[in-house]
Amino acid sequence: MSNRERVRSTRALILRRRDVNDADRVLTVLTPGDGKLELIAKGVRKTTSRKAGHLELFTHAALLVAQGRTWDIITEAQTVESFRHLRENLEAIAAASYIAELIDSFAEGGDDARTLWDLALQVLRELDATSAQGRVPPTLLIWFNLHLLSLTGFQPQFFRCLDCAQELEPSLNFLSLHAGGVFCPRCAPRHDDVEALEVDTLKVLRFLQSRSWNEAASITVRTPVLRRVESVLNRYLIVVLERQVRSTAFLRRLAATQPAPEG
Ligand SMILES: [Zn+2]
């Protein structure tokens with residue numbers, strides 16, 4: 001096989017990186033065509049590296065990748081979008097890290113990941129633009145969470161009762177994180193492990209789950225409802241990711257980082 005055939009080009013989002021050898025780094029990236037990949041960037045920790053600046057966390061880069069033995073090798077890297085505002089304050093860094101870690105947890109290798117790729121770019125662009133203006137919408141990460149769950153096959157059911165399949169009414173319904181959705185008041189007594197779910201909370205979850213960000217961006221949610229929605233989603237993620245036997249470090253961090261109240 002000629003060298004030309006063994007080199008391919010791909011777009012990539014840098015999700016995670018770790019140092020190996022003396023000067024190399026292994027990058028976990030999301031690609032549109034091949035899902036999640038681990039690639040090695042050789043010599044990238046040397047001060048003379050021309051690739052280093054294009055392989056920062058959260059960067060959208062265009063890569064040339066050559067076949068390697070353990071990891072495929074990044075031979076060229078060029079920044080497409082730097083998302084530089086994501087690195088300018090702690091709130092934006094925390095939000096971008098959360099997004100990257102969730103994508104890392106849910107993305108699979110080897111599959112076409114175009115819809116996940118589009119969602120990832122959209123949320124990073126939105127976060128970058130809004131953090132540049134100093135006002136990240138508090139609903140953005142919730143919206144992203146819900147859409148990520150839908151794309152990866154873990155969509156919680158907020159519209160119909162999980163048991164009788166009747167449309168849920170705007171009254172007090174009952175959430176089951178383990179069942180992945182909501183039971184109506186008639187069916188709930190037949191199930192263990194349910195918690196009351198207030199109408200306002202259910203409405204926000206339904207709205208953010210079913211709308212594009214363009215439609216969802218304008219809603220304002222009262223802080224107590226926002227906190228409740230975040231709690232439901234964080235606990236649901238833990239249930240889903242445990243079922244998936246994912247990174248325990250991520251689960252510990254998720255449990256430890258309940259979002260701080262708004263100032
Ligand atoms: Zn029911």
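Let me start with Asn21, which counts as exposed because there are 11 C-beta neighbours inside 10 Å of this residue. Please keep in mind throughout that what we are looking at is a predicted model. Asn21 sits in the loop between S1 and S2, and its phi is near 55°, which is a positive value in a residue other than glycine.

Now, what do S1 and S2 form around that turn? They form a hairpin with 3 residues between them, and Asn21 is in the turn. The two strands run antiparallel and are joined by 7 bridges, and if you would like one pair to look for on the screen, Arg18 stands opposite Val26 in S2.

There is another residue to set beside Asn21, and that is Phe58, which also has a positive phi, here of about 70°, although Phe58 is not a glycine. You will find Phe58 in the loop between strand S3, residues 35–41, and strand S4, residues 60–66. Is Phe58 buried or exposed? Phe58 is buried, because 23 other C-beta atoms lie within 10 Å, whereas Asn21, as I said, counts as exposed.

Let me follow the strands a little further. S2 and S3 form a hairpin, again with 3 residues between the strands, and 7 bridges join S2 to S3 in an antiparallel arrangement. Within that pairing, Leu27 has Leu39 in S3 as its bridge partner. S2 itself is mostly covered, with 6 of its 8 residues buried. On the S4 side, S1 is joined to S4 by 7 bridges, and these two strands run antiparallel as well; Ala12 stands opposite Ala61 in S4.

So which order do the strands take when they close up? There are 5 strands that close into a barrel in the order S1-S2-S3-S5-S4, and the pairing is mixed. Neighbouring strands of this sheet are turned by 50° against each other on average, if we ignore direction.

Next, the helices, and I would like to begin with H2, which lies across S1, S2 and S3 and runs at about 110° to S1. H2 also has a helix for a partner. As a general point, two packed helices are described by the angle between their axes and the distance between the axes. For H2 and H4, the axes come within 11 Å and cross at roughly 5°, and because the angle is that small, H2 is roughly parallel to H4. The residues that meet there are Ala95, Tyr98, Ile99, Leu102 and Phe106 in H2, and Leu141, Phe144 and Leu148 in H4.

Helix H3, residues 114–132, deserves a slower look. H3 has 19 residues and reaches 27 Å from its first C-alpha to its last, close to the 27 Å expected at 1.5 Å a residue. Its buried residues are Leu116, Trp117, Leu119, Ala120, Val123, Leu124, Leu127, Asp128 and Ser131. Why do we say that they are on the same side of H3? The reason is that they cover an arc of only 165° around the axis. The face turned away from this buried side carries the exposed residues Arg114, Asp118 and Ala129. As for what the buried residues of H3 pack against, the list is strand S1 (7–20), strand S2 (24–31), helix H2 (90–106) and helix H4 (140–151). Just after H3 comes Gly134, which takes a positive phi of about 70°.

Helix H5, residues 199–210, lets us repeat the same exercise. At 1.5 Å a residue, its 12 residues should span 16 Å, and since its end C-alpha atoms are 16 Å apart, the two agree. Buried in H5 are Thr201, Leu202, Val204, Leu205, Leu208 and Gln209. Seen down the axis, these buried residues fall within an arc of 165°, so they line one face of H5.

Let me finish by stepping back to the whole chain. The secondary structure of the protein comes to 8 helices and 8 strands, and the C-alpha atoms fill a box of roughly 65 × 40 × 30 Å along the principal axes. Of the 263 residues, 33% count as buried. Finally, if we take the contacts between residues at least 6 apart in sequence, 53% of them join residues at least 24 apart.

Terms used: Residues numbered from 1 in each chain as written. Predicted model: local features only at pLDDT ≥ 70, side-chain atom pairs only at ≥ 80, totals over all residues. Helix = DSSP H or I, 4+ residues; strand = E, 2+ residues; numbered from the N terminus. Buried ≥ 20, exposed ≤ 12 C-beta atoms within 10 Å, placed from the backbone. Contact = placed C-beta atoms within 7 Å. Expected span 1.5 Å × (residues − 1). Arc of directions from axis to C-beta. Pairing = 2+ DSSP bridges. Axes fitted to C-alpha atoms, helices over the stretch in contact; angles between N-to-C directions. Parallel < 35°, antiparallel > 145°, perpendicular 65-115°, else oblique.
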